[in-house]
Amino acid sequence: MQSEPETVCNVAISFDRCKITSVTCSCGNKDIFYCAHVVALSLYRIRKPDQVKLHLPISETLFQMNRDQLQKFVQYLITVHHTEVLPTAQKLADEILSQNSEINQVHGAPDPTAGASIDDENCWHLDEEQVQEQVKLFLSQGGYHGSGKQLNLLFAKVREMLKMRDSNGARMLTLITEQFMADPRLLLWRQQGTAMTDKYRQLWDELGALWMCIVLNPHCKLEQKASWLKQLKKWNSVDVCPWEDGNHGNELPNLTNALPQGANANQESMGQCKSLEYQHLPAHKFLEEGESYLTLAVEVALIGLGQQRIMPDGLYAQEKVCRNEEQLISKLQEIELDDTLVKIFRKQAVFLLEAGPYSGLGEVVHRESVPMHTFAKYLFTSLLPHDAELAYKTALRAMRLLVLESTAPSGDISRPHHIASVVPNRYPRWFTLSHIESQQCELASTMLTAAKGDVRRLETVLESIQKNIHSSSHIFKLAQDAFKIATLTDSLPDITLLKVSLELGLQVFI
């Protein structure tokens, strides 16, 4: 094939404190990212700095010239670019010769080659117009031609900027959000009372997650956060702004789209996965000795997972509750627990059991509070080798499923830090109830397996199953699990587990 003719491009790059602050290229290519010619020149400057002649700021060079040299310099400059700069040169000459002109009121003159003051703001060059155009184009394609993938690449770019503490991260996300808010499909869906597609909702979820990263950034100034808060409130007040639970119109549950089972269900395929190594990096500014960024991250994750929260209304939001919980637990499972982290687990488990209305494992919770089965199963398996008593106490507390109870649970509601569970007149629409019940069943099966050979604990787990599990199919499954566990080895079967299996089997028929 005949190759394209070689073209010469004029490229100009401005730097400020090791940042590219502006670029121009005669190729005319427009994109969010730098064109190939700008990248080539940047790499050339990095790899061969000696080949690029370094000049003093032009103001310093002019200072060294006498009057005749200055006049020759200006006239040659005008001659070479007379069609472009002659009108400007004449205008500036007239203003300089006029004593009352504004230009004569300012001391000195600007020098674009001298760089900015050390106190001036500086950030990487970002072509805002191109960001807006690209996002608008991807949204207009409606998920076709890989537009969703392209938008996710933009989100990844924002994450990279935030990681590098680049102030453009917030600027770029603002531009992306504005285009999302201007999407004409939002108004169409609102008028028709129809729900947006799950893929589109996932993009909005990513927007929200990135904004949380920005507003929680401890390195940001208060005035920046105040500005973002004002902007977020402005977007939130727009009629077409999607609700978090996605329940705008007559949304009907798509029950054929079942949630994956188990805490590992969202990983990549009672081969593509990356193997990560987590290490303790010391956090010098924190008070307690021995703390690291890893211990703080794990503790924050446990606090978040244990928070009491009401189940949202919409199907998509309910699925997201389960999905986010399982994704976070999946991340925690990649961490090998050492003695320091086990202390964190013990501390948080005790706190969640004794805490008031903020804890999902407190003594009394709201009837429609999101169940803690998945989280408790993870806590149970993590604590069991180190503190079996605390592990069982946590798992047994989490076995409840109050939304299926006909009466309010007993509890010391006189204590001011407890919330009484009030039974509402309506039956809540929990679209993910079957998934939640299966997680409850898994928690019970895990406790039965661990309690083999311990009569007291097996009886306690049996009582909890009989009290809290309402699905006959799950009770029957637990009866089968108990029988299998009791007869696993070649030795004599576990009589207590066989009795548990028998009682659960009989309960199905009652």
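Begin by selecting Cys-25 and Cys-27 in this predicted model, and look at their two sulfurs: the closest cysteine sulfur to that of Cys-25 belongs to Cys-27 and lies 3.5 Å away, which is too far for a bond. A disulfide is a covalent bond between the sulfur atoms of two cysteines. The cut-off applied here is 2.5 Å between the sulfur atoms, and a search of the whole structure finds zero disulfides. While Cys-25 is still selected, note that this residue is partly exposed, with a relative accessible area of 22%; Cys-213, to which you may jump for a moment, is also partly exposed, at 39%.

Next, colour by secondary structure, which brings up 19 helices and two strands. Of the 510 residues in the protein, 36% are buried, and the surface that the protein exposes comes to about 32,500 Å², with carbon and sulfur atoms supplying 56% of it.

Now return to the strands and select residues 11-16, which are strand S1, together with residues 19-25, which are strand S2; the two run antiparallel and are joined by six bridges. Within this pair, Phe-15 stands opposite Ile-20 in S2. S1 and S2 form a hairpin with two residues between them, and if you pick Arg-17 in the turn you will find a positive phi of about 50°.

From the hairpin, move to helix H9, residues 198-215, and draw a line between the C-alpha atoms at its ends: they are 26 Å apart, which agrees with the 26 Å that 18 residues should span at 1.5 Å a residue. Show the side chains of its buried residues, among them Tyr-200, Arg-201, Trp-204, Glu-206 and Trp-211. Around them you can then display the helices against which the buried residues of H9 pack, including H5 (128-140), H6 (147-163), H7 (168-181) and H10 (222-236).

Staying with helix H6, select Ser-147, which has its place in that helix and counts as buried at 1% relative accessibility. Setting aside residues up to four places away in sequence, Ser-147 touches Phe-138, Gln-141 and Gly-142.

The next stop is helix H11, residues 293-306, whose end C-alpha atoms are 20 Å apart, in agreement with the 20 Å that its 14 residues should span at 1.5 Å a residue. Its buried residues include Leu-294, Val-298, Glu-299, Leu-302, Leu-305 and Gly-306, and what covers the buried residues of H11 includes helices H12 (315-332), H13 (339-354) and H14 (373-383).

Which residues touch the most other members of the largest nonpolar core? Select Val-298, Leu-302, Phe-375, Met-447, Leu-448 and Ile-465, which do so among the 49 residues of that core. Centre the view on Phe-375, which, leaving aside its neighbours within four places in sequence, is in contact with Leu-302, Leu-305, Gly-306, Glu-325, Ile-329, Leu-352 and Leu-361. A second, separate core has 33 residues, and Leu-126, Leu-139, Trp-211 and Trp-228 can be selected as some of its members.

Finish at Thr-446, which sits in helix H16, residues 433-450. Is Thr-446 buried or exposed? Thr-446 is buried, because its relative accessible area is 18% and the cut-off for buried is under 20%. Not counting residues up to four places away in sequence, Thr-446 touches Met-270, Lys-377, Phe-380 and Thr-381, and these four can be added to the selection to complete the view.

Technical notes: Residues numbered from 1 in each chain as written. Predicted model: local features only at pLDDT ≥ 70, side-chain atom pairs only at ≥ 80, totals over all residues. Heavy atoms only, no water. Helix = DSSP H or I, 4+ residues; strand = E, 2+ residues; numbered from the N terminus. Expected span 1.5 Å × (residues − 1). Buried < 20%, exposed > 50% of the residue type's maximum accessible area, 1.4 Å probe, protein only. Contact = heavy atoms within 4.5 Å. Pairing = 2+ DSSP bridges. Core = buried A, V, L, I, M, F, W, Y, C linked by side-chain atoms within 4.5 Å. Areas by Shrake-Rupley, 256 points an atom, 1.4 Å probe, with all protein chains shown as cover.
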